[in-house]
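Here is a quick tour of a model with a bound ligand. Have a look at the ligand site first, then at a helix and a few backbone oddities.

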Amino acid sequence: RTVPVIAIDGPSASGKGTVAARVAAALGWHCLDSGSLYRIVALAGMRAGVALDDEAALAALAAALPASFADGRVLLDGVDVSAEIRSEACSVGASKVAVLPAVRAALLDRQRDYRAAPGLVAEGRDIGSVIFPDATLKIFLTASAESRAQRRYKQLMEKGMAANMESLLQDLQERDARDAARPVAPLKQLPDAVLLDTTTMDVEQAVSFVLERVPADR
Ligand code: C5P
């Protein structure tokens, strides 16, 4: 019997991370935030002075990434970088390194290793298409660009980080375009994915929507 997986894919700042974490907690399953891996590769690359289009160097970094996850914190070389990887610089950097096929290939097994009993909730862009095409349940979670920019703005303000609504919206639309247009593992709604548009939903409603669709005999 294979370990069940819920794949939640969707654009930037759609609330995938929050919804995935809540669903995983409700089910008692593991959770994978795959975007954080691309963010860590971007951060490690910038720190090492590697250009964010240097595919070979970034793939080497990704293959030997000294990153770990503990209690919801992300560590790089043992140092907590949880806040830093959420910065706009790392968001933009992540979407740049994510277009490189060798980087994606280097992170493949690392993501698949998260599939462990009793189950996994994984979120990203290509979870249902590439990482776990046999997922038990596939959700395409989205929201209008404006409401996503607004949520990101609120998050940054709450963390006391600088934010500008117009540039957030523009960055978001550029990242959406980059994620959707790339030849390898582009973001798209799969025919077998359920659409969850959270533009006018709160987190609780989105979480319930997913939980209601988890097959009973999984
Ligand atoms: O989900 P999050 O915004 O943290 O992801 C950061 C970036 O990493 C995205 O803009 C996307 O380009 C990339 N990504 C990806 N495939 C995934 C998860 C994230 O290409 N499965």
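Sorted by class, the shell around the ligand holds 3 nonpolar, 4 polar and 9 charged residues. In that count, Ala, Val, Leu, Ile, Met, Phe, Trp, Tyr, Cys and Pro are nonpolar, Asp, Glu, Lys and Arg are charged, and the others, Gly among them, are polar. Keep in mind that this is a predicted model: local features need pLDDT of at least 70, side-chain atom pairs count only at pLDDT 80 or more, and totals for chains, interfaces and linings use all residues. Residues are numbered from 1 along each chain as its sequence is written, and side-chain values use heavy atoms, with hydrogens and water left out.

Of the 16 residues around the ligand, Arg39, Arg104, Asp126, Asp179 and Arg182 come nearest; a residue is near if one of its heavy atoms lies within 4 Å of the molecule. Three side chains put an N or O atom within polar-contact range of the ligand, meaning a pair of N or O atoms within 3.5 Å.

| Side chain | Ligand atom | Distance |
|---|---|---|
| Serine 34 | nitrogen | 2.9 Å |
| Aspartate 126 | nitrogen | 2.8 Å |
| Aspartate 179 | oxygen | 2.6 Å |

On its own the ligand has 450 Å² of accessible area, and the protein covers 98% of that (Shrake-Rupley method, 1.4 Å probe). Which elements give two or more residues to the shell? They are H2, H4 and H8, and H2 gives the most, with 4 residues. Helices here are DSSP runs (H or I, at least four residues), strands are E runs of at least two, and both are numbered from the N terminus.

Those three helices turn up again around helix H7: what covers its buried residues includes H2 (34-47), H4 (88-97) and H8 (165-181). The buried residues of H7 are Ala145, Ser147, Arg148, Ala149, Arg152 and Leu156, where buried means under 20% relative accessible area, exposed over 50%, and partly exposed in between (1.4 Å probe, protein chains only). H7 itself runs over residues 145-158, 14 in number, and reaches 20 Å from its first C-alpha to its last, close to the 20 Å expected at 1.5 Å a residue (1.5 Å times one less than the number of residues). Glycine 160 follows H7 and has a positive phi, near 75°.

One residue of H7, Arg148, also touches serine 12, which sits in the loop between E1 and H1. At 1% relative accessibility, serine 12 counts as buried. Its contacts (heavy atoms within 4.5 Å) are Arg125, Arg148, Leu172, Arg175, Asp176 and Asp179, not counting residues up to four places away in sequence. The side chain of serine 12 makes a polar contact with that of arginine 125, at 3.2 Å; within protein, one atom must be able to donate a hydrogen and the other to accept it, and residues adjacent in sequence count only if both atoms are side-chain atoms.

Now for the backbone. Most residues other than glycine have a negative phi, and most peptide bonds are trans. Alanine 13 has a positive phi near 60°; it lies in the loop between strand E1 (5-9) and helix H1 (16-27). Is alanine 13 buried or exposed? At 14% relative accessibility, alanine 13 counts as buried. Aspartate 71 has a positive phi too, about 50°, in the loop between strand E3 (67-70) and strand E4 (73-76), but aspartate 71 is exposed at 81%. Finally, a cis peptide bond joins alanine 117 and proline 118, with omega about 5°, and proline 118 is in the loop between helix H5 (101-112) and strand E6 (120-124).
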